[in-house]
Amino acid sequence: MADELPTVPGKQRGARFYITIVALVLAAIFVLQNTQKVEVEFFFSTTNIPLIFALLLAAILGFVIGLALPRFRRPQGD
């Protein structure tokens with residue numbers, strides 16, 4: 001029993017951490033490879049911007065919505 005190493009809380013990383021890292025790396029590669037200009041329409045405005053900015057904006061909005069959505073769900077009991 002004396003040979004056991006003490007465990008430090010919070011130092012173990014699960015599969016979720018590694019899947020998140022892989023997803024972020026793949027998303028970064030995808031975004032960085034798409035730099036051509038595209039026409040983007042938003043409400044009543046049309047503009048030409050590099051696709052990288054449109055993809056980054058979509059990724060950021062998706063992240064924010066993903067964080068906010070669980071806060072607005074109703075509890076299961078209602």
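Two residues are in contact when heavy atoms of theirs lie within 4.5 Å. Keep that in mind as we walk through this model, which is a predicted one.

Let's start with the overall layout. The protein chain contains two helices and two strands. Read from the N terminus, the order of the elements is α-β-β-α. The chain has 78 residues, and 5% of them count as buried. About 7800 Å² of the protein chain is exposed, with carbon and sulfur atoms supplying 66% of that area.

Now for the helices. Two packed helices are described by the angle between their axes and the distance between the axes. Here, helix α1 covers residues 15-32 and helix α2 covers residues 51-72. They pack at an angle of about 150°, and their axes are 9 Å apart. Angles over 145 degrees count as roughly antiparallel, so that is how α1 lies relative to α2. Where do the two helices meet? On the α1 side look for Phe30, Val31 and Leu32, and on the α2 side for Ile52, Leu55 and Leu56. Sorted by class, the contact of α1 with α2 has six nonpolar residues, with no polar and no charged ones.

One of those residues deserves a stop of its own. Isoleucine 52 sits in helix α2. Is isoleucine 52 buried or exposed? Its relative accessibility is 16%, and the limit for buried is under 20%, so isoleucine 52 counts as buried. Leaving aside residues up to four places away in sequence, isoleucine 52 touches Val31, Leu32 and Asn34. You can also look from isoleucine 52 towards valine 38: these two are 14 residues apart along the chain, and their C-alpha atoms are separated by 9.5 Å.

Finally, have a look at the rings. A pair of aromatic rings is described by the distance of the centres and the angle of the planes. With ring centres within 6.5 Å counting as a pair, there are two aromatic pairs. Phenylalanine 17 and tyrosine 18 make an edge-to-face pair, 5.2 Å from centre to centre with 80° between the planes. Both partners are partly exposed: phenylalanine 17 has a relative accessibility of 35%, and tyrosine 18 has a relative accessible area of 47%. Phenylalanine 42 and phenylalanine 43 also form a pair, with ring centres 4.5 Å apart and planes at 70°. Planes over 60 degrees apart count as edge-to-face, so the pair of phenylalanine 42 and phenylalanine 43 is edge-to-face. As for their surroundings, phenylalanine 42 and phenylalanine 43 are both exposed.

How values were computed: Residues numbered from 1 in each chain as written. Predicted model: local features only at pLDDT ≥ 70, side-chain atom pairs only at ≥ 80, totals over all residues. Heavy atoms only, no water. Helix = DSSP H or I, 4+ residues; strand = E, 2+ residues; numbered from the N terminus. Buried < 20%, exposed > 50% of the residue type's maximum accessible area, 1.4 Å probe, protein only. Areas by Shrake-Rupley, 256 points an atom, 1.4 Å probe, with all protein chains shown as cover. Phe/Tyr/Trp six-rings, centres within 6.5 Å; stacked < 30°, edge-to-face > 60°. Axes fitted to C-alpha atoms, helices over the stretch in contact; angles between N-to-C directions. Parallel < 35°, antiparallel > 145°, perpendicular 65-115°, else oblique. Nonpolar A, V, L, I, M, F, W, Y, C, P; charged D, E, K, R; others polar.
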